[in-house]
Amino acid sequence: MSGGFALTAADAACWRDELEDFVPPRVFDAHAHLRNEAFMAPGVPASNDWRSAETSFATLQGISAALFPGRAVRHFAFPLPLRGVDALGISAWAAGAVAADPCSRAAAQLLPEGDAAALARLIAGQANLVALKPYHALCARRPVRIADYLPLPALALADRLGLAVILHLPAGLAPDAAELRRLCGDFPRVRWILAHCAGAFDATALAAALAATRGLAAVWLDTAAICDPRTLVIALQGFDRARILFGTDNALGIGGCRWRKGACAGAMPSCAPCARPAGKRA
Ligand SMILES: [Zn+2]
């Protein structure tokens, strides 16, 4: 047991039967979350599907040790994006916590109205803060475009410092491909990590969308929270494998999904029955 997480018999069987002979001695989890309610504004309801569950870096390390026994797991960790959070405060806390492991890295939470000057000061004082993590759901505009939740001053900072930007595209890559291509040209030192295989929780549009990234050398994918093997197959066949990062999305769900009172398996068909509104994705 680590925080709100407990290894199940299914987890243990999956490791024993399918993973133990396959997973290498060293694992880098490129998409993992931390959470600290101390940085939330009082009385602000969660703006994410996931219920409260404190996740310290030690908790995250404990979860990884339980899921990947005998493996050395490093993390790229960042705060769970929630409305009403003290973004600078929780980013500083997260970076300080992650610094316990010199081989792990952290990303700073970025709000749509983020103060680039304050962000620059924060990053200057935290050598392990190597990326920005904007989040579409923190912006009220619909449909939402990248520039709506990724302020240009912060993007210019990322370009100047050579930071990564971890981008969760809410409707997959297709509607944002042209904007992403333009931003790659305008900010050539930014490295883009398209989370969740470019938001491909639904695999059907991924192959065509990946074609839109051809020639963009600064684009990576991470596999966080992708449980549909079709998405992984399409990504492995249609994208440079050297730029596909393994990610778990731990410890996003250890408090459980608020739509199903703590037993959610994720944004998957197997999630049913679920009270999650149709089309909604975490
Ligand atoms: Zn995530």
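Colleague: Which residue in β8 stands opposite Leu221?
Modeller: This is a predicted model, where local features need pLDDT of at least 70, side-chain atom pairs count only at pLDDT 80 or more, and totals for chains, interfaces and linings use all residues. Residues are numbered from 1 along each chain as its sequence is written. Strand β7 (residues 219-222) and β8 pair in the parallel sense over two bridges. In β8, the residue facing Leu221 is Ile244.

Colleague: How many strands does the protein have?
Modeller: Helices (H or I, at least four residues) and strands (E, at least two) are DSSP runs, numbered from the N terminus. Beside 10 helices, the protein has this number of strands: eight.

Colleague: Which strands form the edges of the open sheet?
Modeller: Two strands pair if DSSP finds at least two bridges between them. The open sheet has the order β1-β2-β3-β4-β5-β6-β7-β8, with parallel pairing. An edge strand pairs on one side only, and that holds for β1 and β8.

Colleague: Which residue of β2 stands opposite His33?
Modeller: Strand β1 (residues 26-34) pairs with β2 in the parallel sense, over seven bridges. Opposite His33 in β2 stands Phe78.

Colleague: In β3, which residue is the bridge partner of Phe76?
Modeller: β2 and strand β3 (residues 105-109) run parallel, joined by two bridges. Phe76 has as its bridge partner in β3 Arg105.

Colleague: What is the handedness of the β-α-β unit made by β2, helix α3 and β3?
Modeller: Look with the strands pointing away from you: a clockwise path from the first strand over the helix to the second is right-handed. Helix α3 (residues 87-98) makes this unit with β2 and β3, and its hand is right-handed.

Colleague: Why is strand β2 largely enclosed by the rest of the structure?
Modeller: A residue is buried if 20 or more other C-beta atoms, placed from the backbone, lie within 10 Å of its own. β2 covers residues 72-79. It is largely enclosed because its buried residues number six of the eight.

Colleague: Which element gives the largest share of the largest nonpolar core?
Modeller: Such a core is a set of buried Ala, Val, Leu, Ile, Met, Phe, Trp, Tyr and Cys residues joined through C-beta atoms within 7 Å. The largest one has 72 residues, and those with the most contacts inside it are Ala77, Val165 and Leu194. Its largest share, six residues, comes from α3.

Colleague: What percentage of contacts with a separation of 6 or more joins residues 24 or more positions apart?
Modeller: Two residues are in contact if their C-beta atoms, placed from the backbone, lie within 7 Å. Val165, for one, touches residues including Ala131 and Trp192. Across the protein, the share for 24 or more positions is 76%.

Conventions. A residue is buried if 20 or more other C-beta atoms lie within 10 Å of its own, exposed if 12 or fewer, and partly exposed in between; C-beta atoms are placed from the backbone. Lists of a residue's contacts leave out its neighbours within four places in sequence.
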